Amino acid sequence: MQSDISTLALRSFRYPQDADALTKLDTSFTTERIYHPVYGALSFQLREEPVTPPLSKRYPLEVENPAERAVWDYAVIAEEAGETVGFVAAQYTEWNRRVILWHLYVAPSRRRKGVGARLLGTVESYAHSVQARHLWLETQNTNYPAVQFYQRAGFAFCGFDSSLYDRSGFEQEETALFFMRPMNSG
Ligand SMILES: CC(C)(COP(=O)(O)OP(=O)(O)OC[C@H]1O[C@@H](n2cnc3c(N)ncnc32)[C@H](O)[C@@H]1OP(=O)(O)O)[C@@H](O)C(=O)NCCC(=O)NCCS
């Protein structure tokens with residue numbers, strides 16, 4: 001952690017009170033490196049590569065969409081001096097005792113200060129409380145910074161899907177990558 005985040009407050013997301021502030025949270029990232037997928041008949045590899053110009057992408061966060069909010073069993077806002085600087089949302093699926101991390105965003109000016117790790121820590125507590133086997137998440141081969149973050153947080157690569165996304169809507173082809181972190185109770 002590089003600077004003081006002692007003023008950070010974490011609290012439950014409230015709808016509709018937090019909707020405006022959350023809609024304004026910048027969910028984008030920019031990267032100069034990506035993971036290039038290499039497919040074999042029965043194999044898959046990720047090769048780290050530079051990307052020029054740097055790639056930027058913004059994640060959609062449909063706060064006003066009830067179907068979207070319906071899967072947020074757990075949702076927490078990070079605030080600093082009353083400003084929304086982070087958000088995490090997760091769902092517990094009972095049939096496989098998995099906590100799915102649907103959203104994790106930190107405002108660009110507050111990144112690399114431990115806010116993401118703090119938010120993730122609250123999800124881990126939630127996962128313990130529901131006796132989940134593991135945390136699980138989807139990201140993309142283009143989100144190099146997020147992969148670094150999740151690996152640092154102890155997540156292991158557990159699968160991919162090269163056909164998940166409708167590529168017509170994307171400038172850059174993307175492969176879905178899945179990561180998981182077992183819980184002690186698993
Ligand atoms: C991914 C994200 C949530 C991380 O939040 P954060 O508050 O910056 O992360 P932290 O400060 O807690 O980082 C903890 C550790 O993760 C690693 N890490 C985090 N961001 C990294 C980056 N951009 N590059 C390399 N490592 C990184 C580092 O090891 C870091 O520790 P350090 O700063 O002491 O070196 C944030 O970058 C973000 O909001 N990105 C845009 C949205 C996004 O991509 N969300 C994930 C969608 S799947």
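## Working through the ligand site

In this model, a polar side-chain atom of Arg152 sits 2.7 Å from an oxygen atom of the ligand. The model is predicted, so local features need pLDDT of at least 70 and side-chain atom pairs count only at pLDDT 80 or more, while totals for chains, interfaces and linings use all residues. Residues are numbered from 1 along each chain as its sequence is written, and side-chain values use heavy atoms, with hydrogens and water left out.

**Exercise 1.** Find the polar partners of the ligand's oxygen atoms, then work out how much of the ligand the protein buries.

*Solution.* Start with the cut-off: a polar contact is a pair of N or O atoms within 3.5 Å (within protein, one must be able to donate a hydrogen and the other to accept it, and residues adjacent in sequence count only if both atoms are side-chain atoms). Next, go to Asn143, where a polar side-chain atom lies 2.7 Å from a ligand oxygen. Then check Lys113: here a polar backbone atom is 3.2 Å from an oxygen of the ligand. Finally, the area: the ligand taken alone exposes 920 Å², and the protein buries 84% of that (Shrake-Rupley method, 1.4 Å probe; for residues, only the protein chains shown count as cover).

**Exercise 2.** Describe the shell around the ligand.

*Solution.* A residue is near the ligand if one of its heavy atoms lies within 4 Å of it. There are 23 residues around the ligand, and Leu104, Val106, Gly116, Asn143 and Arg152 come nearest. Now sort them by type: eleven are nonpolar, seven polar and five charged. Then sort by element, using DSSP runs numbered from the N terminus (helices are H or I, at least four residues; strands are E, at least two). Helix H4 (144–152) is among the elements that supply at least two shell residues each, as are strand E6 (98–106) and helix H3 (115–129). H4 gives the largest share, five residues.

**Exercise 3.** Which pocket does the ligand take up, and what lines that pocket?

*Solution.* The ligand takes the space of the largest pocket. That pocket holds about 1400 Å³ of space. Its lining has 46 residues, with Leu104, Asn143, Ala146, Phe149 and Tyr150 closest to the centre. A pocket here is an open set of points on a 1 Å grid over the protein atoms alone, where a 1.4 Å probe fits, with protein on both sides within 12 Å along at least five of seven lines; lining residues have an atom within 4 Å of a point. E6 supplies the largest share of the lining, seven residues.

**Exercise 4.** Look for unusual backbone spots.

*Solution.* Most residues other than glycine have a negative phi, and most peptide bonds are trans. Step one: the bond from Tyr15 to Pro16 is cis, with omega near 10°. Step two: a cis bond also joins Thr52 and Pro53, omega about -10°. Step three: Arg112, not a glycine, has a positive phi of about 65°, and Arg112 is in the loop between E6 and H3.

Note on methods:
Sits in = over half its atoms within 2 Å of the grid points. Nonpolar A, V, L, I, M, F, W, Y, C, P; charged D, E, K, R; others polar. Points joined across faces, edges and corners; volume = space filled by probe spheres on them.
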